[in-house]
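Please open the model in your viewer and keep the selection panel at hand. The stops below are meant to be taken in order.

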Amino acid sequence: MSVSEDHTARLNLPLLWAGQAQKELFHNEALTLLDMHVQPIVLEIGAAAPPAERAEGDMWVAGADASGEWAGHAGMIAGWTGGGWRFIARRPR
């Protein structure tokens, strides 16, 4: 995970900065990601594709052959939110 002045170092949460427009969007995004990080209870590990039936707050670990909206997110936690899919990458040690 790369360190950025726009995101936190450990959880990659978006940061606010002075003069930023629409701060509530960045704050809400950070809260959504934090909610996923705090208690990541997944329904399935290694799922190949996003499930057709899902509820807000449901999470899976995308498999190595992830496809569809999960393509390019293999091994990541995929969480369904009110704004669509959010992904959390494993943090290197």
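Begin by selecting Trp80 together with Trp85, since these two tryptophans are bridge partners, with Trp85 lying in strand E4. The model in front of you is a predicted one, and this pairing should be read as a feature of that prediction.

Next, widen the selection to strand E3, residues 77-81, and strand E4, residues 84-88, which run antiparallel and are joined by five bridges. Follow the chain from one strand into the other, and you will find that E3 and E4 form a hairpin with two residues between them.

Now add strand E2, residues 59-62, which also runs antiparallel to E3 and is joined to E3 by three bridges. To pick out one of the pairings here, select Met59, whose bridge partner in E3 is Gly79.

With the strands displayed, turn on a surface for the rest of the model and ask how many of the five residues of E3 are buried. The count is four of the five, so strand E3 is largely enclosed by the rest of the structure. Strand E4 is likewise mostly covered, with four of its five residues buried.

Stay in strand E4 and select Arg86, which is found there. Is this arginine buried or exposed? Its relative accessibility is 19%, and because the cut-off for buried is under 20%, Arg86 counts as buried.

Show the side chain of Arg86 and look for two polar contacts. In one of them, the side chains of Arg86 and Thr81 are joined at 3.5 Å, while in the other the Arg86 side chain reaches the backbone oxygen of Gly83 at 3.3 Å.

Then select the surroundings of Arg86, leaving aside residues up to four places away in sequence, and you will find that this arginine touches Ile77, Ala78, Gly79 and Thr81, as well as Glu29, Thr32, Leu33 and Met36. Gly79, listed among those contacts, is the residue already visited as the bridge partner of Met59.

For the last stop, move to Gln22, which is placed in the segment before helix H1, residues 23-38. Inspect the backbone at this position, where Gln22 has a positive phi of about 50° although this residue is not a glycine.

Terms used
Residues numbered from 1 in each chain as written. Predicted model: local features only at pLDDT ≥ 70, side-chain atom pairs only at ≥ 80, totals over all residues. Heavy atoms only, no water. Buried < 20%, exposed > 50% of the residue type's maximum accessible area, 1.4 Å probe, protein only. Pairing = 2+ DSSP bridges. Polar contact = N/O pair within 3.5 Å; in protein donor to acceptor, adjacent residues only side chain to side chain. Contact = heavy atoms within 4.5 Å.
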